[in-house]
Amino acid sequence: MTITQKRILVAGDVMLDRYWFGEVNRISPEAPVPIVRVERREERLGGAANVARNAVALGIDTSLLGVIGEDEAGRNVEALLSEVGIRSYLNHDPSISTIIKLRVIGRQQQLIRIDFEEKPTEQILQDKLSRFNSLIAEHEVIVLSDYAKGSLVNVATMIAHAKSLGKYVLVDPKGSDYSIYQGASLLTPNKSELRQVIGSWKDEADLTQKAQTLRKELDIAALLLTRSEEGMTLFTDEEILHVPTMAREVFDVSGAGDTVIATVAAMLAEGKNLHDAVLIANLAGGIVVGKLGTATVTREELFQKV
């Protein structure tokens, strides 16, 4: 049951996360690598789909826009979306395969990750942009989840259109050129991602100066830096808010960024201010890193800790 009439639209690189779990008892005679005898397989929504899954887990009416192939993995993505109640607006590209991240887990540790990915065709991307433009009006908060897999090549146009309609636009960025995200309401890079853009910093004052300069140059209202064991820092015109990590035990950081941006979006959709939304998202990030793989945080888990 949703707790608000406001809706979130998540657009970006849609993936299927596959997990193969097994026992490791010996080393291969063919090469110095462990042999994993697979005993269990699991599939989860990944990339932008995991962001949408996190928002739905918090009770928010959520739509997903992206590209999948016309293949078995794409059908599985759509089935998983339906299972959790995400509105699907996926474009099917018959010339590509659905993005898959396959992780092999042995003794509760990831041994290897194998990626399958192809960039969508230009025609499909144009169709996706047209659909995005038609969907903006009925959603209050827009999340653009960029994994640099090719689904958000039109991101600058998407941000400009959404902003012209007065929407709050959150972006999980990638790459070294953040000019394509100009005008966004909020960027949520992690440390390594931000370092690609502003370079290294020698101390907190240097970080603050560089982050604020970038934010103002790009006309971005807020920048939320996720800092792993160091917590998060929010940079705006009004404040610099540092929030220490709430993680009791870090088991797996994959998907933590998805949880953070989804939680911020969900709280904004409910009417909370950005300051409070970040505090709650920090709690969510601390919970999700204690779980294996791309996981979610439920509303009950989150608010019993608030």
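Which residue of β13 does L234 stand opposite? In this predicted model, the partner that L234 faces in β13 is L241.

## The sheet and its edges

Strand β12, which spans residues 232-236, runs antiparallel to β13 and is joined to that strand by 4 bridges. Both strands belong to an open sheet of 9 strands with mixed pairing, in which the order is β5-β4-β1-β8-β9-β10-β11-β12-β13. The edges of this sheet are taken by β5 (87-93) and β13 (240-243), and each of these has a single partner strand, so one side of each is left without a neighbour in the sheet.

Helix α7, made of residues 256-269, packs on the sheet and touches β1 (7-12), β8 (141-145), β9 (168-172), β10 (186-187), β11 (222-226) and β12. The direction of α7 makes an angle of about 175° with that of β9.

## A nonpolar surface patch

L111, I112, I114 and F116 make a nonpolar surface patch of about 330 Å². One of these residues, I114, is found in strand β7, which covers residues 109-116, and I114 counts as partly exposed because its relative accessibility is 33%, which lies between the limits of 20% and 50%.

## Positive phi values in two loops

R107, a residue other than glycine, has a positive phi near 55°, and its place is in the loop between β6 (99-106) and β7. With a relative accessible area of 59%, R107 is exposed.

A148 is likewise not a glycine, yet has a positive phi of about 60°; this residue lies in the loop between β8 and α4 (155-164). The relative accessible area of A148 is 47%, and A148 is therefore partly exposed.

Notes:
Residues are numbered from 1 along each chain as its sequence is written. This is a predicted model: local features need pLDDT of at least 70, side-chain atom pairs count only at pLDDT 80 or more; totals for chains, interfaces and linings use all residues. Side-chain values use heavy atoms; hydrogens and water are left out. Two strands pair if DSSP finds at least two bridges between them. Contact means heavy atoms within 4.5 Å. Axes are lines fitted to C-alpha atoms, for helices over the stretch in contact, and angles run from 0 to 180 degrees between N-to-C directions. Patches are made of residues with over 30% relative accessible area and no salt bridge: like charges are joined within 9 Å, nonpolar side chains (Val, Leu, Ile, Met, Phe, Trp, Tyr) within 5 Å. Accessible areas come from the Shrake-Rupley method with a 1.4 Å probe; for residues, only the protein chains shown count as cover. A salt bridge is a side-chain nitrogen of Lys or Arg within 4 Å of a carboxyl oxygen of Asp or Glu. Buried means under 20% relative accessible area, exposed over 50%, partly exposed in between (1.4 Å probe, protein chains only).
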